[in-house]
Amino acid sequence: MRASYLLTLLLLTLCIIITFLATDNTTVYARKATKPRVVVNNFKKYRARPVKTILKLRKLRKLNKKLNKTQKLRKVNRKLNRKLKKLNRKLGKKARKVVQKIALKVDAVKAKARLAKRQARLAAKVAARKARLAKRAAQRKVEKVKFEAEKQAKKIRRLTRLVARKARRVARLLKLAAKQAKQSIATKLAAKKAKLEARKVALKLKKVKAIAKKVANKVVQARKVAKRVAKKVNAQAVKAARKAKLAARKAVKKAKKLAKKLNKKLSKKTIMNTTILNNTNSNSNTSSLDWTRGVDLNNLRWDETIYYYIRSNYSEFEITVWVSIAYLFIMYTVLGLPWWLLKTFKPKFLYKYKLQPNKEETRQTDWGCILQLTINHLSVIPLLYFNYPILKWRGTSYDLPLPSWTDMLLRSLIFLIIEDAWFYWIHRFLHTEWGYKNIHCTHHEYQTPIGYCSSYASLIEFLILGVGSFIGPFAIGCPHIVGWWVWMTIRQIEAMDCHTGFDFPWSLHNIIPFYCGAVHHDHHHKTYNGNFASTFTWWDYYMGTDKAYRDWLKKYEAKKVKTQ
């Protein structure tokens, strides 16, 4: 234990010496220009000079002229360098603005594409509805035409019957008139009248037949129109059916995938239950597993049941490397997701607590950021490979029962204090001229930080600062692997909390007085200087690197009181 404490103290002292040797000041300053040496021509004039002295004087004058020229050239070179630096800064600002504009345009194009997709879906739905309505309307029209045709046909039948009856009566009358004509001349006149009436009836019959023909033609036309409408409706229905089949196939595929996942989960649960039953049965006859250490498997806590399932399916090496890295990935996404949703949807009742309301970060969906984060988290795998034998050497257990939560939380608090000291001095070294340009500048691309950008940094910076998370467990010792996971969760929650960019009334920095929190670290991202600590404020206070922050904090708290 003493050797481990001495190692940690030596590492911290080395970091402090490196930072003070690297630069005189912690922040990046321009070097002070040294005044050029001026050679004054204070040569005494002699009346009678020998030849050697004259030659020496000439040589000295020539050297003086050359020195003056070189000094002038140096001044010109310095001026040009200053101008070039100013131009580079201006160009950098313009490039950032251009990149921001392009990102905004890309977001607008994406939004338009989403709207177009939605409109296409709505149009498809509307077209299907219109097709249904058109089909129904065509059917109704066909039924109306049929009904009208039947009505007119019935009327024509009635008229023909009446005309036939009248014609029969007229024929009878004609016969009677013919009989009577033989008897008298008066009957001849009656016969003539009957003929005229018969002709009138015949004309009426012709008119009725013409009307019947017209009605029949209309019925034929209506049938043709109905066939055309039916064809169109059938084509639209076929298209809609094809689309519905494709959607149904996709839904079936998704359902199959979900069913497979559920089957896997159920199979794992059944395996766990069977193993527990087997162990309970074997306790009566033989001794239990070595790593259970005689623990009653029927009366396990919730955390012990989860760990029992992991330990029964994976080895110690797989738990330290692969289970730990999977847990890190899942934890990082779960913790950062609510902050990303808050930034995208911007609810008013929460967005009023934003620390920089006038500035808005447009790079929160940048794929480059996500790629860098995945590379950084994958780089932890080799560290975990080396971590396994060291943890075994330090005596970390992989067996049941688990240690108490008070022990794990107290140890993680001590680890936080050690990691905070490491982080402060390394972070301060990274804010020197060389460290900022070559390593740390990628992390400060976000002026208004979000939860995901807590681990967004260059690979070298991520690994150097990540070493601080391993110093505490190696020095003090971690009794169980679950204690290691508890420590990693607390460290990730603290890192996310510092990079949220929101000052809620229920935030930890409003409860714990010496905790950094979002306000402390957001000021660091805004000003690029001071507030180098990660968790606690005492290093910045004692080293005097938070003077500007304290002055700003007084004004900020006064504004908060006025608004309340």
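## A partly exposed tryptophan and its partner

Trp539 counts as partly exposed because its relative accessibility is 25%; in this scheme buried means under 20% relative accessible area, exposed over 50%, and partly exposed in between (1.4 Å probe, protein chains only). Tyr424 has a relative accessibility of 0% and therefore counts as buried.

## Basis of the description

The model is predicted, so local features need pLDDT of at least 70 and side-chain atom pairs count only at pLDDT 80 or more, while totals for chains, interfaces and linings use all residues. Residues are numbered from 1 along each chain as its sequence is written, and side-chain values use heavy atoms, with hydrogens and water left out.

## Stacked aromatic pairs

Across the whole structure, 24 aromatic pairs are found. Rings of Phe, Tyr and Trp (its six-membered ring) pair if their centres lie within 6.5 Å; planes under 30 degrees apart count as stacked, over 60 as edge-to-face and the rest as tilted. One stacked pair joins Tyr424 and Trp539, at 5.7 Å centre to centre with 20 degrees between the planes. This pair links distant parts of the chain, 115 residues apart: Tyr424 lies in helix α9 (residues 405-430) and Trp539 in helix α15 (residues 538-543). Helices are DSSP runs (H or I, at least four residues), numbered from the N terminus.

Phe504 and Trp506 are also stacked, at 4.9 Å between centres and 5 degrees between planes. Phe504 is buried, at 5% relative accessible area, whereas Trp506 is exposed, at 54%.

## Cluster and charge

Phe317, Trp322, Tyr385, Tyr388 and Tyr398 make up one aromatic cluster.

The charged end of Arg394 sits over the ring of Trp393, 5.8 Å from the ring centre; this requires NZ of Lys or CZ of Arg within 6 Å of the ring centre and within 35 degrees of the ring normal.

Note on methods:
Helix = DSSP H or I, 4+ residues; strand = E, 2+ residues; numbered from the N terminus.
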